[in-house]
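These are my notebook entries from going through one structure, element by element. I wrote down what I looked up and what I found.

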Amino acid sequence: MRALLLPACVLLISAHRFLALQTTGVNFSGANPSSQSPRPVRALLPSPSPSLLQPALPPLLPTSPPQPPLPPPFPASPGFKNAYSAADILHELELQQADGLPVSLELPMKSYRLGGTELGLRGGNLTLVGTGPDGATIDAQNLSRAFLVHKAGRLHLRSINIANGVAPSDGGGGLLIGNASAAILVNCTISSCTAEDGLAGGGVRAFGRSTLTLIDCKIISCKANNGGGVSVWAYCSVELMNSLVRNCIASGVVNTFGGGVCGEGSSFLTLTNSAIIDCIANGTRQTLGGGLFLMGSWVTFENSAVYSCLATGRSSTKGGGMFIGAYPTSSRPALINSLLIDCAASGFIDTVRAFPPPQRGVGCTK
């Protein structure tokens, strides 16, 4: 038995030594040892995992939460284009002069600054719709009038705010409409607009057989010599529905008429569910109509009010609420379920001064 085990043990020992010499780089092939690179011991060992050499670090947190990308602008409604600047609107008006086609634009931006150039509509058809949460503001920056519509032009504004318009001539700081033109404003505001010294219609002036309709609109803090808020002259028709004229002033060094509204020249003025509030006519000479001045024209008040208006001046001052005079044609006002209250002329209660007196309907209060 020993004779059989001894050769087996010798054989195992020899194999073990052979493997040890192989790992140390001993050459058994008879070649020059310098011509062969020794085989490193580390080559037989598995490479350590990087995660074992250093501990894993937690990912870095961002310093601020990532901002979502801006959504693309909504496409315009069928038949409309989007306009993103005042230059876009002016460009479309220039194209209209060439091709005569109507222009319909949606305004998704908050403000459109005119930079001294009014938006002039000469015989065409323009529709602007403010699509932002508060509509869109056309800002004339006290450098120009905001809108001019003439030569039988047609203007339709919806959810548009007109601000800081100045009329250097012809009046109408926010909007001047004339020469058989028409304008319809829905859910619009005209504010802080001025017709310069001696001019009429701080907010709006309509003349020359034109038509103006205001629905759910406000005319606020506008100023002119006559008609601080609205001036109507020469065969025009103006209608205010669910609208407000407030804090407007007629002021000048000559005759001053109509702090809120001034109507002259065989025109028609209708107020329905509307009001003229906190308006003032303040002149150095004759001052007539703190809220409304009407001469040779017709006015109808229905469910409307003239409230807290004042006519004040150094000379003849009449009609704190309204002054209604007459040319040879009758201009008697029709008051239906309407109020004229808390108005004064030069500190005295003088709500209505009318020649002839107004026609009063049911439920009217002086």
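**Entry 1: what α3 packs against.** The model is a predicted one, and I began with a helix. I looked up the partners of the buried residues of α3 and found that they pack against β1 (81-82), β2 (103-107), β3 (111-113), β4 (119-122), β5 (125-130) and β6 (136-139). The buried residues themselves are A86, I89, E92, L93 and Q96. Seen down the axis of α3, these residues fall within an arc of 125°, so they line one face of the helix. I noted beside this that an α-helix has 3.6 residues a turn, so residues three or four places apart point the same way. On the face of α3 turned away from the buried side I found the exposed residues A87, E94 and A98.

**Entry 2: the length of α3 and its end.** I then checked the span of the helix, which runs over residues 86-99. At 1.5 Å a residue, its 14 residues should span 20 Å, and the end C-alpha atoms are indeed 20 Å apart, so the expectation and the model agree. The residue that follows α3 is G100, and its phi is positive, near 75°.

**Entry 3: the whole chain.** Stepping back, I counted secondary structure and recorded three helices and 40 strands in the protein. Of the 366 residues, 43% are buried. I also looked at how far apart in sequence the contacting residues lie: among contacts with a separation of 6 or more, 80% are between residues 24 or more positions apart. The accessible surface comes to about 19,300 Å², and carbon and sulfur atoms account for 59% of that area.

**Entry 4: cysteines.** How many disulfides does a search of the whole structure find? The search returned zero. I followed this up at C222, whose sulfur has its closest cysteine sulfur in C193, at 4.8 Å, which is too far for a bond. C222 is nevertheless buried, with a relative accessible area of 1%. C309 is likewise in no disulfide, the nearest cysteine sulfur being that of C343, 4.8 Å away. C309 also counts as buried, at 2% relative accessibility.

**Entry 5: G203.** I found G203 in the loop between β14 (194-195) and β15 (204-207), and at 0% relative accessibility it counts as buried. Leaving out residues up to four places away in sequence, I listed its contacts as G172, G173, G174, L175, I190, C193, I219, C222, G228 and G229. Both cysteines of the pair I had checked at C222, namely C193 and C222, are therefore on the contact list of G203. I also noted that G203 and I220 are 17 residues apart in sequence and 8.0 Å apart in space, C-alpha to C-alpha.

**Entry 6: two buried polar residues in loops.** Is N225 buried or exposed? It sits in the loop between β18 (223-224) and β19 (230-233), and its relative accessibility of 4% makes it buried. A polar atom of the N225 side chain lies 3.1 Å from the backbone oxygen of N255. N255 is one of the residues that N225 touches, and the list, without residues up to four places away in sequence, also includes G198, L199, A250 and F257.

For S243, in the loop between β20 (237-241) and β21 (244-246), I read a relative accessible area of 6%, and this residue is buried. Its side chain reaches the backbone nitrogen of C217 at 3.1 Å. Apart from neighbours within four places in sequence, S243 is in contact with L214, I215, D216, C217, N273, S274 and A275.

**Entry 7: positive phi outside glycine.** Most residues other than glycine have a negative phi, and I looked up two asparagines on that account. N164 has a positive phi of about 60° although it is not a glycine. It lies in the loop between β9 (160-163) and β10 (166-167) and counts as partly exposed at 22% relative accessibility. N247 also has a positive phi, of about 55°, without being a glycine. I placed N247 in the loop between β21 and β22 (249-252), and at 36% relative accessibility it too counts as partly exposed.

Definitions and conventions. Residues are numbered from 1 along each chain as its sequence is written. This is a predicted model: local features need pLDDT of at least 70, side-chain atom pairs count only at pLDDT 80 or more; totals for chains, interfaces and linings use all residues. Side-chain values use heavy atoms; hydrogens and water are left out. The expected span of a helix is 1.5 Å times one less than its number of residues. Buried means under 20% relative accessible area, exposed over 50%, partly exposed in between (1.4 Å probe, protein chains only). The arc is that of the directions from the helix axis to the C-beta atoms. Contact means heavy atoms within 4.5 Å. Accessible areas come from the Shrake-Rupley method with a 1.4 Å probe; for residues, only the protein chains shown count as cover. A disulfide is a pair of cysteine sulfur atoms within 2.5 Å. A polar contact is a pair of N or O atoms within 3.5 Å; within protein, one must be able to donate a hydrogen and the other to accept it, and residues adjacent in sequence count only if both atoms are side-chain atoms.
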